[in-house]
Amino acid sequence: MGATLEIRNLHVSIDGAPILKGVDLVLKQGETHALMGPNGSGKSTLAYALMGHPSYQVDAGQVIFNGADVLELEPDERSRMGIFLAFQYPVSVPGVTVANFLRSGINARRKAENPDDPGISIPEFRRLLKQKMDLLGIDHKFAGRYLNEGFSGGEKKRNEVLQLATLEPLIGILDETDSGLDIDALRIVAEGVNKLKGPGLGILVITHYKRMLEYLQPEYVHLMMDGRIVESGGPELAQTVEDHGYAPFFEKFGLEATEE
Ligand code: ADP
Ligand code: MG
C-alpha cells in the first residue's frame, strides 16, 4: 500500500490573522496533484505549514502521513519520513557542496529507517548522483558547487529537482513561489519532475503557471481561494481557469475578487 498524506480541516494563521480556513487534501504516492489559485489565497501558507515553519500557527486540523501526526514533528523529522519540500533548505551553505548535502540527506533518511545503517558508500553515492544528473541533464560539475551560493534562479530549480531525484521522497511538494520564474527555470522543474513521476512518488505542485500544468499534466487539480480548496477536479479544471480566469469562481463562491 502506498504512502498517503492526509490534510484534514487545516486552519493556519500568521500573526493572529487566519489564512487557511479549513483545507482538506489527500495526496497518495504515485499521484500528481496541482494546486492553483489567485495570489494571496494561501497556497504558500499551506506549503510552509506542512514544512513546519515556526511563523505559521496551526490553529486546528490534522496532517497525517502514514498514520503519523506530522504536525507534532520537527521539519527534519518530516523530511526523514519521506516528505520533501522544495524550499526546505533555501539558505546558502558555504563550504557544503551540493554532493555533500545530498549524501547527508540520503544518510539521514537511511538512518531514520534503520539506526544501524552505515550510510551510503562513496562509490555507490557517486554512481547514484551521476545517474540522477544524467537523467535530469545536469552537468556533473554542479555537484561540486557550494549549496545555493551564487545560484541563479535556474540553478536553484535544478538543485531542487536534483534533491527530489536523489533523496527519493515518497511525497514531494514544490511551491513555485517565485513569480519571476523564467521559462527556462519553469521547464527545468517541469521536465525534471516529469522524469521523476512514477508509482513511488506523490507530487503536489503549487503553481499559477498554466505552462507548468501543460508540461506536467497532473491527474488532479485543486483550486484554492480564500484559504480553502473550493474545487477539485482533473485537468479540465485547469483549463476552465485558463479560459475564464478566477473571476467566475470568485462569483460562484461569493468571494470578493482580489487580483488574478
Ligand atoms: P499564495 O501563495 O496563494 O499567493 P500566501 O500563502 O503567500 O498566498 O498568502 C496568503 C495570505 O497570507 C496573503 O493575504 C498574505 O498577505 C498573507 N501572508 C503571507 N505571508 C505572510 C507573513 N509572513 N506575514 C503576514 N501575512 C502573510
Ligand atoms: Mg505563493
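## S41 and its loop

S41 is buried, with a relative accessible area of 3%. This is a predicted model, and S41 makes a good place to start a tour of it. The residue is found in the loop between β3 and α1, and S41 is also one of the residues around ligand 1.

The side chain of S41 has two backbone oxygens to look at. A polar atom of that side chain lies 2.7 Å from the backbone oxygen of P38. A polar atom of the S41 side chain also lies 3.4 Å from the backbone oxygen of M224.

## The shell around ligand 1

Which residues are found around ligand 1? They are I14, I19, P38, N39, G40, S41, G42, K43, S44, T45 and Y56. Sorted by class, this shell has four nonpolar, six polar and one charged residues. Helix α1, which covers residues 43-51, gives the most to the shell, with three residues.

Several contacts to oxygen atoms of the ligand can be followed one by one. From G40, a backbone N or O atom lies 2.8 Å from an oxygen atom of ligand 1. K43 uses its side chain instead: a polar atom there lies 2.8 Å from an oxygen atom of ligand 1. T45 also takes part through its side chain, with a polar atom 2.5 Å from an oxygen atom of ligand 1. As for cover, ligand 1 has 560 Å² of accessible area on its own, and the protein covers 57% of this.

## Strand β3 and its partners

Let us step back from the loop to the strand before it. Strand β3 spans residues 32-36 and is mostly covered, with five of its five residues buried. How do the side chains divide between the two directions from β3? T32, A34 and M36 point one way, while H33 and L35 point the other way, and all are buried.

Strand β3 has pairing partners in β10 and β11. With strand β10 (residues 202-206), β3 is joined by four bridges, and the two run parallel. Here T32 stands opposite I203. With strand β11 (residues 220-225), β3 is again joined by four bridges in a parallel arrangement. In β11, Y220 is the bridge partner of H33.

## From β3 to β9

H33 also offers a link to another part of the chain. I173, found in strand β9, is 140 residues away from H33 in sequence, yet their C-alpha atoms are 9.5 Å apart in space. I173 is buried, with a relative accessible area of 1%, and H33 is buried as well.

## Aromatic pairs

How many aromatic pairs does the model have? The count comes to two. In the pair of Y48 and Y56, the ring centres are 5.1 Å apart and the planes meet at 10 degrees, so this pair is stacked. The other pair, F142 and F151, is tilted, at 5.3 Å centre to centre and with 35 degrees between the planes.

Are these aromatic residues buried or partly exposed? In the stacked pair, Y48 has 24% relative accessibility and counts as partly exposed. Its partner Y56 has 18% relative accessibility; buried means under 20%, so Y56 counts as buried. Y56 is also among the residues around ligand 1. In the tilted pair, both F142 and F151 are buried.

## Two positive phi angles

Most residues other than glycine have a negative phi. Against that background, N66 and E168 deserve a look. Phi of N66 is near 50 degrees, a positive value in a residue other than glycine. N66 lies in the loop between β4 (56-65) and β5 (68-69). With 48% relative accessibility, N66 counts as partly exposed.

Where is E168 found? It is in the loop between α5 (153-167) and β9 (171-175). Phi of E168 is near 45 degrees, again positive in a residue other than glycine. At 45% relative accessibility, E168 counts as partly exposed. The strand that follows this loop, β9, is the one that holds I173.

Methods:
Residues are numbered from 1 along each chain as its sequence is written. Chains are lettered from A and ligands numbered from 1 in the order in which they are written. This is a predicted model: local features need pLDDT of at least 70, side-chain atom pairs count only at pLDDT 80 or more; totals for chains, interfaces and linings use all residues. Side-chain values use heavy atoms; hydrogens and water are left out. Rings of Phe, Tyr and Trp (its six-membered ring) pair if their centres lie within 6.5 Å; planes under 30 degrees apart count as stacked, over 60 as edge-to-face and the rest as tilted. Buried means under 20% relative accessible area, exposed over 50%, partly exposed in between (1.4 Å probe, protein chains only). A residue is near a molecule or strand if one of its heavy atoms lies within 4 Å of it. A polar contact is a pair of N or O atoms within 3.5 Å; within protein, one must be able to donate a hydrogen and the other to accept it, and residues adjacent in sequence count only if both atoms are side-chain atoms. Accessible areas come from the Shrake-Rupley method with a 1.4 Å probe; for residues, only the protein chains shown count as cover. Ala, Val, Leu, Ile, Met, Phe, Trp, Tyr, Cys and Pro count as nonpolar, Asp, Glu, Lys and Arg as charged, and the others, Gly among them, as polar. Two strands pair if DSSP finds at least two bridges between them.
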